[in-house]
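These are my working entries on a model that is predicted. I took the chains in turn, then looked up single residues and one helix.

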Amino acid sequence: MAQSELLSIILGGIGTIAIFSFLIKENYFYRIFEHMFIGVAAGIGPILVLRDFLWPQIVEPMLGYTITAYPDGTFSAEYQPLYFLYVFPMILGMLYYSMYSRKHAWLSKIAIGVSLGASGALAIRGFFAEVIPQIASSFKPILVWRDGGFQAVESVNNLLFVAILFLVLNYFFFTLGRTGSVQSRTASWGRPLLMVCFGAFFGSTVMARLALLVERVQFISRDWISAIINVTGGTF
Amino acid sequence: MRFSHRYVYLLMIAVVAIPIVFGFSTKPARMISAERMYSVVENVSIVEGDIALVWLDFGPNTIAENGAQAEVLLEHLFRRRIPVLLLSQYPLSEGLLKTIPRKVADKLNIEMPEQEWKYGESWINGGYKPGSGNYIQSLVASTDISTFLGRDVLGMPIEHYPAFAKITGVEKIKLVGEITGLTGVFDTIIQFFQKKGYRPTFVHGCTSITIPEAYIFLDSKQLHGLLEGIAGAAWYGELLQRSFPQSSHKNLLLTNTALGAAQIAIILLIVAGNVVSLYSWSKRRRD
Amino acid sequence: MDSRTALIRSFTFLGGIYFFFHFIVPESALEVIGIKDAHPGISNGFIVIGAMAIGLGIINLVIGHGSHVVFKRRGWTFSAVLLVSLVSTLGVTTAQWIRNRAVSSELQRIYVIGEFSNRILSDASDVKNPKSFSPAGELPKLEFRVHALTKYVREVLGEVERASIEGHGDGSQESLTLREELHKNQILLAADLDRVETVSWENLSDSNKVLLERVSQHAGGYATAYSVIRRRDAEQGLIPQMYTVLYSGIFENLGAAMFALLGVYIAAAAFRAFRVRSMESTLMMVAALVVMLGQISFGKWIYEDMPALRQWLLEVPNSAVFRAIRFGAAVAGLMLAIRMWFSIESKTSSEGR
């Protein structure tokens, strides 16, 4: 095992115990590691944006660095001056930093606005791409005939699916209801069905949360203890 | 009744630790959606130049579940010799993009020393891509994805890796995998990783919290396979072991067993909480 | 509406109009007006705007926590720890990037051999549509290009040999095997060059084609072996080890531990808060029990078909309910998107104050 890996495990174990000490009460040890975590987490993202996107996909094509120069003085491709247009979104993006000037802060709203507008328009497209297949698959055949026979189980399941879907949708139609109408009388039927869904959610959430605990206990009881034994030469 | 919740904390840690410390593991529960996913991955057919694209969009906050899922999915793809392009929409997965495929490749290299799984052939790491849905629809629209991506995280042009040099369009991507606990990130793939005449074969590894939500996409066939938390990964590992007897997932089984014990403890705590509550209520009524 | 507000709202509207039209205009029309091929580039332009904001988080953290440290406010030591971790991560990640780029530039000098050989072949095979670009207008003659190739390869081979003698590799068996592979390809490549230099390159004959293909193939093998050796070396240095400690040691472990706290909190919540007091809470409890027992090994011990029952619960009632919820949320999302695009969602982000 490389020394850096060993150090990582030992440090990670100490950090885990420090974080778990919060279960007893908030303390100095916990807060030190909490701030260390925030510092590291905040430092990762910006460099990655530069390394994995801005540099290889924007700056390099703009400066022609993606073109290979061959030993005979020729090039793998001709430079495309259109790439230089990336300067404009860069300038627009720089407007974000005007928020640090009280006088010019409003300019940052231009950059925010363009991003919001683009996200809004893309979300319209995303809505249709996501929802239309959902609507189509909601129209299930209530009587299923397949392989020359009636599929009773599938038919009942489909009927249940469609009925539950409509009952829950009906529950959410707050604007249509008139006292005494069929819609208002059946609206409350959606509630117990929602509870079934929330129950499934709770059951699943329990598994997700406990998985995190299991992973940590596994790390401390196996990796960390082994690393400590390794470092202390078995005298621990 | 005064009761310190610290006893509950201690109880939970003890319940989880017992199977791990004593190495007690049981066979995982059968997960039908994981079986479907296994068969989808098993039946992906590729020709030279085709690849699988796997998004690893998780950090340490969901590594317990997503890490295990990524390992079994990559193991299956590596065993099938499908070149994998790894990307991420989540910056904090940076280190995992490097360590997880390396771990899987090392495992296979030890298992079959006569063969080799290595960076540049079995997988490459394209790194973090900002822009979410905007980036994805841009990637899908590109007619030369190798050039579009530019370089991998090591700074090498993607075109230098023969298996990834000719991704001439999104049609070359025969399988899309998304391992994440973030519903927004998963939604962007559902919404934007498609174009006229192309919809990917799409598999998803989700954290347990998002299981109920993911099922609606399985039903609409927008999703073709699903790994549900640790339980899904454990069953997928079991299926891998059936096809490849040398494939061992001892740690995953141990985790799954500890998780099962913890869930039993939760059920007992709910019951105990209700009994205590009922007792207090009846005592108050008697008084 | 003042002029600043009008300007902000116009930019917001213009930001969205491109994607909206790209969505509604048929693909054939996009192709005719030349947008289809340019679309990935245009989309990247929009991402660039957001990506330029990368420094905001850092600046805010430095201002906020820096002032704590400078004026020694309460808890300044925590702020100092945060700033030191932030600066270390930024420094190490940047150093790692620069180092990898330097290695890649070095490797690219070798990869060019294969690429250039292939280019000479393809350009000579299709003289009317050459892929290479020459600033002089016309591509140099085949003989000149091949001569430039051989000269370049000998230069690069010399450089790598010198670097190799200086001692890359960790001395392991794997490293020795890689060196053998490198040496083998070096000999093959040198032999190819000798043959290339002895034949005439007036025209591209079939035997010449084979020779260039061999150069490309052996250069590929040589480049691959050398890149593995260099990458292994690059992983051994101080910077990658510091990166491992920062990412795997601190970030991964502390992040996992922070979220693992939820595991014990949910246990306490299960004991203290989950009360079965009504028909609805009973339904919720039953559904939760089925899901929990259906996904664990022990569930089968209670009821053989527990996993199947869980599957049915998730596939039928849960999916139907969730789809209804999702329809509502999706329509709300659509409305929000339209309101954002037309700047009627929030005045604070669209008013020029």
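Entry 1, contact range in chain A. I looked up how far apart in sequence the contacting residues lie. Among contacts in chain A between residues at least 6 apart in sequence, I find that 23% join residues at least 24 apart.

Entry 2, fold and extent of chain A. I recorded 7 helices and 2 strands in chain A. Read from the N terminus, the order of elements is α-α-α-α-β-β-α-α-α. I then turned to dimensions: the C-alpha trace of chain A spans about 75 × 65 × 55 Å along its principal axes. The radius of gyration of chain A is 30 Å, whereas a compact globule of 236 residues would have a value near 18 Å. As for burial, I noted that 42% of the 236 residues in chain A are buried.

Entry 3, chain B. I made the corresponding look-ups here. Chain B holds 10 helices and 6 strands. Of the contacts in chain B with a separation of 6 or more, 77% are between residues 24 or more positions apart. Buried residues account for 61% of the 287 residues in chain B. The C-alpha trace of chain B spans about 80 × 45 × 35 Å along its principal axes.

Entry 4, where chains A and B touch. How many residues does the contact take from chain A and from chain B? I find 39 residues from chain A and 47 residues from chain B. On the side of chain A that touches chain B, the elements giving two or more residues are helix H2 (28-63), helix H4 (108-138) and helix H7 (190-232) of chain A. H7(A) gives the largest share of that side, 17 residues. I also sorted the side of chain A that touches chain B by class, and obtained 24 nonpolar, 10 polar and 5 charged residues.

Entry 5, positive phi in chain A. I stopped at A:Asp147, a residue other than glycine whose phi is positive, near 50°. A:Asp147 sits in the loop between strand S1 (145-146) and strand S2 (149-150) of chain A. Is A:Asp147 buried or exposed? I count A:Asp147 as exposed because it has 5 C-beta neighbours inside 10 Å, and the cut-off for exposed is 12 or fewer.

Entry 6, positive phi in chain C. C:Lys72 is not a glycine, yet I read a positive phi of about 45° for it. The position of C:Lys72 is the loop between helix H4 (54-70) and helix H5 (76-125) of chain C. C:Lys72 has 11 other C-beta atoms within 10 Å and is therefore exposed.

Entry 7, helix H3 of chain C. Helix H3 of chain C covers residues 35-51, 17 residues in total. I compared its span with expectation: from first C-alpha to last, H3(C) reaches 23 Å, close to the 24 Å expected at 1.5 Å a residue. I nevertheless located a kink of about 25° in H3(C), centred on C:Gly41. How many residues of H3(C) are buried? I find 12 of its 17 residues buried, and I describe H3(C) as mostly covered. C:Gly41, where the kink is centred, is one of the buried residues. Others on the buried list include C:His39, C:Pro40, C:Phe46, C:Ile47, C:Val48 and C:Ile49.

How values were computed: Residues are numbered from 1 along each chain as its sequence is written. Chains are lettered from A and ligands numbered from 1 in the order in which they are written. This is a predicted model: local features need pLDDT of at least 70, side-chain atom pairs count only at pLDDT 80 or more; totals for chains, interfaces and linings use all residues. Two residues are in contact if their C-beta atoms, placed from the backbone, lie within 7 Å. Helices (H or I, at least four residues) and strands (E, at least two) are DSSP runs, numbered from the N terminus. Ala, Val, Leu, Ile, Met, Phe, Trp, Tyr, Cys and Pro count as nonpolar, Asp, Glu, Lys and Arg as charged, and the others, Gly among them, as polar. The radius of gyration is taken over C-alpha atoms; the globule rule is 2.2 Å times the number of residues to the power 0.38. A residue is buried if 20 or more other C-beta atoms lie within 10 Å of its own, exposed if 12 or fewer, and partly exposed in between; C-beta atoms are placed from the backbone. The expected span of a helix is 1.5 Å times one less than its number of residues. The bend at a residue is the angle between axes fitted to the seven residues ending there and the seven starting there.
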